[in-house]
Amino acid sequence: FFFKQTTAYAISLGLVGSEMCIRDRLVIDVQNDFAAPSGALTVRGGGGVARACSRCVEAFDRVVFAQDYHPAGHESFASEHAGKAPYDEVELAYGTQTLWPDHCVQGTWGCAFHDDLVVPARAMVVRKGHNRDVDSYSAFFENDRRSDTGLDEYLKKEGVKRVYVVGLAYDFCVKYTALDAKRLGYDAYVVRDCCAGVALPGTMEAAEKELADAGVVVLETLPA
Ligand code: VGL
Ligand code: ZN
């Protein structure tokens, strides 16, 4: 495959988002609310990420797509917490939770995959965040670390050993998915130029460091 290997620290910042690919699989979160200019939680560069992810999709035999999939009134929405604004933090039963604008509500335009993202007809889609009381950044586990999405079992059954993560958002969904993949025993990679981040204060730097510390390899695609 067409990756140039770099270290996490050598990569210049300024991108945000996430998507993931490795050898056989690729997990994504490229939905209108994150990737479209008029989305509820737009990540800068998200549209470009959708196109970059599509090139990754075409480069792999098998791809898994993650889809943030919240019910209305989800506990991670600032609108559910009196006196709170998006990007504030609150303490929930399972720990600190960042609050978000209402986003990726099941059945809405914002929840649909971005038009520029190629989703093959029989693609595997992992939906997450459907539990009203628990957020889920990782495509493997909800934020309380208790319920799993079934993705690990599926990948193990398929014999997948290596996972490439691409999509949105680099500093949340992509980061937690890659860290979980590594912890679950996969070789885990993040393809940096196929990601963009929400970039709250400190979150990009934290993601770089946590990925490097965990031994997740950060790659960039080679120019076509
Ligand atoms: C995400 C914020 C809220 C993500 C999901 O997929 O990175 N970020 N929900
Ligand atoms: Zn969400």
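In what follows, Ala, Val, Leu, Ile, Met, Phe, Trp, Tyr, Cys and Pro count as nonpolar, Asp, Glu, Lys and Arg as charged, and the others, Gly among them, as polar. Keep in mind too that you're looking at a predicted model.

**Stop 1: the cavity**

Rolling a probe the size of a water molecule over the atoms shows where empty space is left. Here that turns up 1 cavity of 30 Å³ or more. The largest cavity holds about 120 Å³ of space. To find it, select Phe-34, Asp-68, His-103, Tyr-137 and Phe-172, which lie nearest its centre among the 15 residues of the lining. Colour that lining by class and you'll get 9 nonpolar, 2 polar and 4 charged residues.

**Stop 2: the ligand**

What sits in the largest cavity? Ligand 1 does. Show its surroundings by selecting Asp-29, Phe-34, Asp-68, Trp-100, His-103, Lys-128, Leu-168, Ala-169, Phe-172 and Cys-173. By class, this shell splits into 6 nonpolar, 1 polar and 3 charged residues.

Now switch on sticks and look for the polar contacts. Start at Asp-68, where a polar side-chain atom is 3.0 Å from a nitrogen atom of ligand 1. Move on to His-103: one of its polar side-chain atoms lies 3.1 Å from a nitrogen atom of the ligand. Then go to Ala-169, which uses a polar backbone atom, 3.1 Å from an oxygen atom of ligand 1. How much of the ligand's accessible area does the protein cover? On its own, ligand 1 has 260 Å² of accessible area, and the protein covers 100% of that.

**Stop 3: an unusual peptide bond**

Stay with Ala-169, in the loop between β8 (162-168) and α4. Zoom in on the peptide bond that joins Leu-168 to Ala-169: it is cis, with omega near -10 degrees. Leu-168 and Ala-169 are both among the residues around ligand 1. For background, most residues other than glycine have a negative phi, and most peptide bonds are trans.

**Stop 4: a positive phi**

Next, jump to Tyr-87 in the loop between β4 (64-68) and β5 (89-92). Tyr-87 isn't a glycine, yet its phi is positive, at about 80 degrees.

**Stop 5: the largest pocket**

Finish at the largest pocket, with a volume of about 320 Å³. Select Thr-96, Thr-98, Tyr-137, Phe-172 and Tyr-176, the closest to its centre of the 19 residues that line it. Phe-172 should look familiar, as it was also in the shell around ligand 1.

Which element gives the most to this lining? That's α4, with 4 residues. To see where else the lining comes from, highlight β6 (95-98) and α5 (203-214) along with α4 (170-183); each supplies at least two residues. Colour by class once more, and the pocket lining divides into 8 nonpolar, 6 polar and 5 charged residues.

Conventions
Residues numbered from 1 in each chain as written. Chains lettered and ligands numbered in written order. Predicted model: local features only at pLDDT ≥ 70, side-chain atom pairs only at ≥ 80, totals over all residues. Heavy atoms only, no water. Near = heavy atom within 4 Å. Polar contact = N/O pair within 3.5 Å; in protein donor to acceptor, adjacent residues only side chain to side chain. Areas by Shrake-Rupley, 256 points an atom, 1.4 Å probe, with all protein chains shown as cover. 1 Å grid on protein atoms, 1.4 Å probe; cavity = no way out; pocket = protein on both sides within 12 Å on 5 of 7 lines; lining within 4 Å. Sits in = over half its atoms within 2 Å of the grid points. Points joined across faces, edges and corners; volume = space filled by probe spheres on them.
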